[in-house]
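Trainee: Could you take me through one part of this model in detail? I'd like to hear how a pair of packed helices sits together, and then what you make of any enclosed space.

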Amino acid sequence: MELKKVLLIGGSGFVGGWIANRLSERGIRVIIPTRHRDHTKKVTLLPTVYAVETNIHEPEQLASLMDGVDAVINLAGAPIDRRWTDAYKRELVESRIMTTRKLVEAVNRLHEPPEVMISTSAVGYYSPAGGCHGEQDDPAADSFLAELCVAWEKEAGLVNSSVRLVLTRFGVVLSPDGGALPEMMRPARFGVTATAGNPDHLFSWVALEDLADALVFIMGRQDISGPVNVTAPERTTNREFYRAAAEHFHTRLSIRVPDAVLRLLMGEASQVITGGQCAVPETLMREGFTFQYPDIRTFFNKAFSVKS
């Protein structure tokens, strides 16, 4: 499948904007629907990325942007790294479920829909227990994150059966240029590594560059559909993550932030840091995708080589 034009929902944030630029560098025309063009000012988009003012909750308006679109990528969703009040939980749900619902309605209106739709989910779908999880494993029980992922994927599953649907379950997205990682690594500039969470907890991550390249890879492979874990292939623990950071930045002191402090600061959302899921990128490995950052030491040594 030759990609020429992609509609990207959720392209105004750091991750979405970075992915849009990465696709554009590959010669793909990227359309980003946005309520207000000013929303894209938080990222510097390449001239070949087009931000179009529209109401993303109006299927007719969304459908009008899909003329000649080969693929749709749905990255929409409020960030999970904030305190989960009841009101914010509703926002987490609505920002994912309602946006996905309207997008599916828009796609289903078309006589010639895009060949593929990639709808984002997350490894929060899986239980933190039971070791590493494959793409066919069941969701976690009694987990807000898992329930959110299940509902999110269910909405995407209502898309026209003629559209190849891929449900990408992202690990923690790492980049030295934005997101949570630069703040996490700030103490390292002063010779200190601040660690958090159980050292033995497994967690899954993916470098932002690998994430963007994996999306292109998935769109181009017509035999890939259903759930796809987008995570680095290495089995990583919290201890290994912080050890790799300490080795790279040559920190002299390690300070552990107690779980109780994180719960006090973040409430229920602290589980994103104190716990974690391990997910194996079965499909990507089987299909021969090449990771630039297959392990955490490679990530720190390559991604931070200019910035350290």
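Mentor: Sure, let's start with the helix pair and then turn to the cavity. Keep in mind that this is a predicted model. Two packed helices are described by the angle between their axes and the distance between the axes. Here the pair is helix 3, residues 86-109, and helix 4, residues 144-156, which pack at about 15° with axes 8 Å apart. Angles under 35 degrees count as roughly parallel, so helix 3 and helix 4 are roughly parallel to each other. As for handedness, helix 3 passes helix 4 in a right-handed crossing.

Now look at who touches whom. Helix 3 brings Lys 89, Leu 92, Val 93, Arg 96, Ile 97, Thr 100, Arg 101 and Val 104 to the contact, and helix 4 meets them with Phe 144, Leu 148, Ala 151, Trp 152, Glu 155 and Ala 156. Sorted by class, that contact holds nine nonpolar, one polar and four charged residues.

On to the enclosed space. There's one cavity of 30 Å³ or more in the structure, and the largest cavity holds about 40 Å³ of space. Its lining is made of Met 184, Met 185, Pro 187, Ala 188, Val 192, Thr 193, Ala 194, Ala 245, Phe 249 and Thr 251. Helix 5 (181-185), strand 9 (192-196) and helix 7 (238-249) are the elements that give two or more residues to that lining, with strand 9 supplying the largest share, three residues. By class, the lining of the largest cavity has eight nonpolar and two polar residues, and no charged ones.

Terms used
Residues numbered from 1 in each chain as written. Predicted model: local features only at pLDDT ≥ 70, side-chain atom pairs only at ≥ 80, totals over all residues. Heavy atoms only, no water. Axes fitted to C-alpha atoms, helices over the stretch in contact; angles between N-to-C directions. Helix = DSSP H or I, 4+ residues; strand = E, 2+ residues; numbered from the N terminus. Parallel < 35°, antiparallel > 145°, perpendicular 65-115°, else oblique. Left-handed = near helix turned anticlockwise from the far one by under 90°. Contact = heavy atoms within 4.5 Å. Nonpolar A, V, L, I, M, F, W, Y, C, P; charged D, E, K, R; others polar. 1 Å grid on protein atoms, 1.4 Å probe; cavity = no way out; pocket = protein on both sides within 12 Å on 5 of 7 lines; lining within 4 Å. Points joined across faces, edges and corners; volume = space filled by probe spheres on them.
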